[in-house]
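Please open the structure in a viewer and keep the selection panel at hand. The stops below are meant to be followed in order.

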Amino acid sequence: MDRGTVSRAPLYSEIQKKESMRFQRLRGFQDILAEEARRFAELAGAARRVFRNFGFEEVIVPLLERREVFSRALGEETDVVRKEMYEFEDRSKTRVVLRPEGTAGVVRAYLENDLDKKQGLAKLFYAGPMFRSERPQAGRQRQFHQIGAETLGTESPWADAEMIHCLDLILKAFGVSGYEIQMNNLGTFEERERFTAVLHDYLKPHEKSLCEDCRFRLGRNVLRVLDCKVESCRAVAGQSPPISGFLSSSSREHFETVLKALEAAGVAFKTAPRLVRGLDYYTKTVFEVTHPRLGAQDAVAAGGRYDGLLEAFGGKAAGAVGFALGVERLLRVPVPAVEPEFDDSCFIAALGDTAIKTGFVLLARIRKEGMTALMDFESRSLKSQMRSAGRNRSRWVVILGEDELQSGRCILKNMKDGLQENPSLGDVVEVLRRKLL
Ligand code: HAM
């Protein structure tokens, strides 16, 4: 037998490696654990409170939509639609897309549920995952989360200012500082088209200085050249004529009112005459919130007005404005470390099997009273159970050892001041109830 041709059975270690690869998450997809999940929930909670104060109501729209919902809204020539959407044919041969953003689905839902006819103005917020098959890097994932809001059915500049004020207050409620709100006015589609032609004529002679992407954009999506991060492109774009020279007096007045309203509401902002956005639906007001501590992917939130979109989706002409905040981006903004406070939970440290049985009954009674109680069932040493209580930041620890069980009592320790009491097992829930509720 020619031994050289015999295929070798895979080694156990090779099988193991292959198997474990199968259970790794996809590139650009993240698990959000423990502390980060807690901050995630805190941000969502802060946003919900602010949204409520502004009169926004929640809308929950599907993660999967027909391709046209996004291609029509964002524009065929945008990076997102051209190369970043997770799209496939479902079993009924419908071309579907995992939503890359929230606005298009909300606009579809507003019209499909006749909110335009029933109420006209709708103020909606949403939170959830979005999917873009971009090259992953710090602050850029393929699955990320947005918290966003849309006001549909109004052309009023006050609605733009209200939206930006709302975003500002969410950031503040979450304790973020040091961010910058940049504002620009992109005018109507017609005004922008006139500007785009002039911009094209300005950029064409500089084509050789532009990066490959921008040379492509020059033919298909000229405005995006202004958004390029490559140094040579920035140098050329920095000298381009600003869009402000191409706007009608009504577009200019709209923007002036937004800026004045922001000043009146006490929102700090800067105007950025060359700010453009990566999605095509924007008209008039656009804005971006950046944070200097985030490196290349420094936009934590962005948005603007999109007056043509309702009509493009078959509704009657009406204005709309919105924003979306990138949750993972915001969680990357460094915050000063604060020692977490004790919370009002109770940890039961049970030593031995009999104590676990008694402890479990106590656990159930405390929880029935609507209080938070924790316990592990591993019979570990008192020291390691006290460490768990500390990690959980539990203010109260009930210690159940053999001596305590025999005397029908337990030790109730206040972890904040170290003081101990010795209530009976029958009374301890009531004692806790008086302290916690
Ligand atoms: P956007 O600028 O594409 O706008 O995204 C908004 C925010 O989502 C960004 O500022 C960023 O914080 C976050 N984000 C975007 N892509 C990623 C990614 N790959 N990884 C992590 N975070 C990301 C919109 O989506 C519009 N729908 C906003 C809007 C609402 N305009 C009007 N209404």
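Two strands count as paired when DSSP finds at least two bridges between them. With that in mind, select β7 and β9 in this predicted model: the two strands run antiparallel and are joined by six bridges.

**First stop: strand β7**

Begin with residues 180-185, which make up strand β7. Its residue E180 has T290 of β9 as its bridge partner. Now add β8 to the selection; β7 pairs with β8 in the parallel sense, over two bridges. Within that pairing, M183 has T271 in β8 as its bridge partner. Is β7 enclosed or open to its surroundings? Five of its six residues are buried, so the strand is largely enclosed by the rest of the structure.

**Second stop: the eight-stranded sheet**

Strands of a sheet pair through backbone hydrogen bonds, in either a parallel or an antiparallel sense. Extend the selection to the open sheet of eight strands, whose order is β1-β5-β6-β11-β10-β9-β7-β8 and whose pairing is mixed. At its edges stand β1 (57-58) and β8 (270-271); each has a single partner strand, so one side of each is left without a neighbour in the sheet.

Next, select residues 283-290 for β9 and 299-305 for β10: these strands pair in the antiparallel sense over six bridges. T290 is found opposite A299 of β10. On another part of the sheet, helix α5 (residues 103-112) lies across β5 (122-131) and β6 (143-152), and runs at about 40° to β6.

**Third stop: residue T285**

Return to strand β9 and select T285, which is located there. Is T285 buried or exposed? With a relative accessible area of 0%, T285 is buried; the cut-off for this term is under 20%. Display the contacts of T285, leaving aside neighbours within four places in sequence: they are D160, M183, N184, N185, H254, F255, V258, G304 and R305.

**Fourth stop: helices α7 and α11**

Select residues 157-173 for α7 and 249-265 for α11; the two helix axes come within 8 Å and cross at roughly 40°. This makes α7 oblique to α11. The crossing of α7 and α11 is right-handed. To view the contact itself, show P157, W158, D160, A161, I164 and H165 on α7, together with H254, T257, V258, A261, L262 and A265 on α11.

**Fifth stop: the three-stranded sheet**

Select β2, β4 and β3, which form an open sheet in the order β2-β4-β3 with antiparallel pairing. The edge strands, β2 (64-66) and β3 (86-89), each pair on one side only. Neighbouring strands of this sheet are turned against each other by 35° on average, direction ignored. Strand β4 comprises residues 95-98 and pairs with β2 over three bridges. L64 has L98 of β4 as its bridge partner. Adding residues 67-74 brings in helix α3, which packs on the sheet and touches β2, β3 and β4; its direction makes about 75° with that of β2.

**Last stop: helix α10**

Finally, select residues 231-238, helix α10. Which of its residues are buried? They are C233, V236 and A237. These residues cover an arc of only 95° around the axis, which puts them on the same side of α10. Add α8 (189-203) and α9 (212-220) to see the helices against which the buried residues of α10 pack.

Notes
Residues are numbered from 1 along each chain as its sequence is written. This is a predicted model: local features need pLDDT of at least 70, side-chain atom pairs count only at pLDDT 80 or more; totals for chains, interfaces and linings use all residues. Side-chain values use heavy atoms; hydrogens and water are left out. Helices (H or I, at least four residues) and strands (E, at least two) are DSSP runs, numbered from the N terminus. Contact means heavy atoms within 4.5 Å. Axes are lines fitted to C-alpha atoms, for helices over the stretch in contact, and angles run from 0 to 180 degrees between N-to-C directions. Buried means under 20% relative accessible area, exposed over 50%, partly exposed in between (1.4 Å probe, protein chains only). The arc is that of the directions from the helix axis to the C-beta atoms. Angles under 35 degrees count as roughly parallel, over 145 as roughly antiparallel, 65 to 115 as roughly perpendicular and the rest as oblique. A crossing is left-handed if the near helix is turned anticlockwise from the far one by less than a right angle, and right-handed if clockwise.
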